[in-house]
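Let's take a walk through this model together, one feature at a time. Have the sequence and the 3D view open side by side as you read.

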Amino acid sequence: MPAKAYRAALLHCLADPREVGEEASYEFFEDGLLVVEDGRIVRIGAADALLGRLSPDTEVTHYPDALITPGFIDTHIHYPQVGVIGSYGTQLLDWLETYTFPAEGRFADAEHAREQARFFLGELLRNGTTTALVFGTVHPQSVDAFFEEALSLNLRMIAGKVLMDRNAPDYLTDTADSGYAESRALIERWHGRGRLHYAVTPRFAPTSTPEQLALAGKLFQEFSGLYMHTHISENRDEVAWVKSLFPERKNYLDVYDHHGLIGARSVFAHGIHLCDDECRRLGETGSAVAFCPTSNLFLGSGLFDLAKLEGHGVRVGLGTDVGGGTSFSQLQSLNEAYKILQLQGQKLDPFKALYLATLGGARALYLEDRIGNLQPGKDADFVVLDYQATPLIARRLAGASSLREKLFALMILGDDRTVKATYAAGNRVHHRAA
Ligand SMILES: O=c1[nH]c(=O)c2nc[nH]c2[nH]1
Ligand SMILES: [Zn+2]
């Protein structure tokens with residue numbers, strides 16, 4: 001396949017601005033060129049320096065008035081919950097009973113799962129998200145449907161079957177043994193195929209017996225490169241419930257720790273009400289937390305303390321948590337993240353924000369050697385953001401005098417309308433209609 005090249009403004013993160021300072025944390029080309037071959041990035045630089053060096057058969061696509069960034073990474077989302085996004089009036093535990101469990105029950109039907117998976121992936125791509133860590137339902141066929149659709153688009157996706165053997169409706173429970181066996185079969189079928197990875201997925205401590213958590217921990221250690229994906233400390237009633245179910249454990253995280261479920265590639269959604277001891281343990285074990293701003297506000301769960309988690313060296317990614325979250329757009333997640341941090345006297349500057357949505361997510365998932373920025377050798381997963389997406393965005397950006405100001409306005413005003421095109425492994429997988 002001949003190389004292809006994309007000309008636009010180019011911006012990507014090189015490191016966490018918290019660690020290296022803002023100047024050294026990103027690379028920007030006002031008029032840049034990104035050269036892609038065989039699904040990988042082969043060169044990035046200024047257009048005037050690179051255009052003359054292209055081989056004559058290289059096709060150049062020009063996106064004037066647009067910004068190319070790495071594809072967004074969503075470190076926590078539920079594909080079976082699209083149908084309950086924006087459901088009124090409850091907090092976590094009631095919301096699960098009232099809306100979520102009935103919706104997940106329908107995924108026993110493989111055809112329903114396939115149709116939902118297709119729609120879900122379309123929404124991710126329309127919003128510029130090229131990698132996500134995804135909950136299925138308890139039904140193995142939900143994960144088969146998801147991976148089949150993701151494979152057909154050659155996406156880098158991580159997903160798993162929910163493990164849930166108590167405190168849930170009968171139609172949504174497995175057993176410790178069946179959950180282990182079904183997960184194992186899915187791992188053998190999907191893990192490492194194309195760009196797919198498997199996540200062992202106990203829903204959260206209250207819906208698994210100690211026997212199920214122990215088998216999940218065993219499975220997590222049995223294959224290399226597996227993920228562990230669950231929820232932690234999202235809601236105060238949930239935290240109290242965990243304490244009553246596991247009185248012998250010193251805190252919520254210790255329930256997972258005791259069963260071998262923490263460490264590299266363990267991703268915990270939310271982590272709003274964690275104590276210092278839990279944060280320290282997450283940091284020292286290389287575990288990650290998914291910060292899910294739109295969900296935390298929508299379900300009234302609380303304010304995520306980014307400074308505290310980062311202070312303990314915890315890897316933090318950004319999640320939408322659809323359908324508790326209210327948007328697939330990571331730009332909208334950043335908009336709400338900014339406000340959550342404002343309320344705690346913390347600032348989310350636009351370069352740090354871009355880092356959280358891209359390279360920070362890749363680091364949380366231990367995938368920074370493959371995705372997260374536009375360095376040569378990485379997967380060609382990128383997004384084209386339109387400076388003219390809406391009349392308001394066009395007007396606001398025309399008045400902006402710096403990259404920082406433009407980027408901030410984009411993250412506050414932007415959403416799916418801002419995404420002109422999305423590329424995965426060098427293929428255009430979304431193109432916004434004119
Ligand atoms: O945001 C959430 N969504 C869920 O589906 C869920 N289950 C347990 N805890 C949860 N939190
Ligand atoms: Zn969730």
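Helices and strands here are DSSP runs, of at least four residues for a helix (H or I) and at least two for a strand (E), and they are numbered from the N terminus. With that in hand, you can place G323: this residue sits in the loop between β13 (315-318) and α13. The peptide bond that leads into G323 from V322 is cis, and its omega is near 5°. Another backbone feature worth a visit is N167, in the loop between β8 (162-163) and α6 (176-190). N167 is not a glycine, yet its phi is positive, near 55°. As background to both stops, most peptide bonds are trans, and most residues other than glycine have a negative phi.

How far does the confidence reach? What you are looking at is a predicted model. The chain has a mean pLDDT of 98, and 100% of its residues reach 70 or more. For the model as a whole, the ipTM is 0.98 and the pTM is 0.99.

Now turn to the sheet. Seven strands make up an open sheet with mixed pairing, and you can trace them in the order β3-β2-β1-β4-β14-β15-β16. At the edges lie β3 (40-46) and β16 (427-431), each of which pairs on one side only. From one strand to the next, the twist averages 35°. Within this sheet, pause at β14 (residues 382-386) and β15 (residues 419-424), which run antiparallel and are joined by four bridges. For a specific pair, find L385, whose bridge partner in β15 is V419.

From the strands, move on to a pair of helices. Helix α13 (residues 330-342) packs against helix α17 (residues 403-413) with the axes 6 Å apart and an angle of about 100° between them. An angle of 65 to 115 degrees counts as roughly perpendicular, and α13 and α17 therefore fall into that class. On the α13 side, L331, L334 and N335 make the contact, while α17 contributes L410, M411 and I412. Five of these contact residues are nonpolar, one is polar and none is charged.

The last stop is ligand 1. Around ligand 1 you will find H78, L92, L96, T100, R203, F204, H231, E234, S295, D321 and G324. Helix α3 (residues 92-105) supplies the largest share of this shell, with three residues. Sorted by class, the shell around ligand 1 holds five polar, three nonpolar and three charged residues.

Methods. Residues numbered from 1 in each chain as written. Chains lettered and ligands numbered in written order. Predicted model: local features only at pLDDT ≥ 70, side-chain atom pairs only at ≥ 80, totals over all residues. pLDDT = per-residue confidence, 0-100. Near = placed C-beta within 6 Å. Nonpolar A, V, L, I, M, F, W, Y, C, P; charged D, E, K, R; others polar. Pairing = 2+ DSSP bridges. Axes fitted to C-alpha atoms, helices over the stretch in contact; angles between N-to-C directions. Parallel < 35°, antiparallel > 145°, perpendicular 65-115°, else oblique. Contact = placed C-beta atoms within 7 Å.
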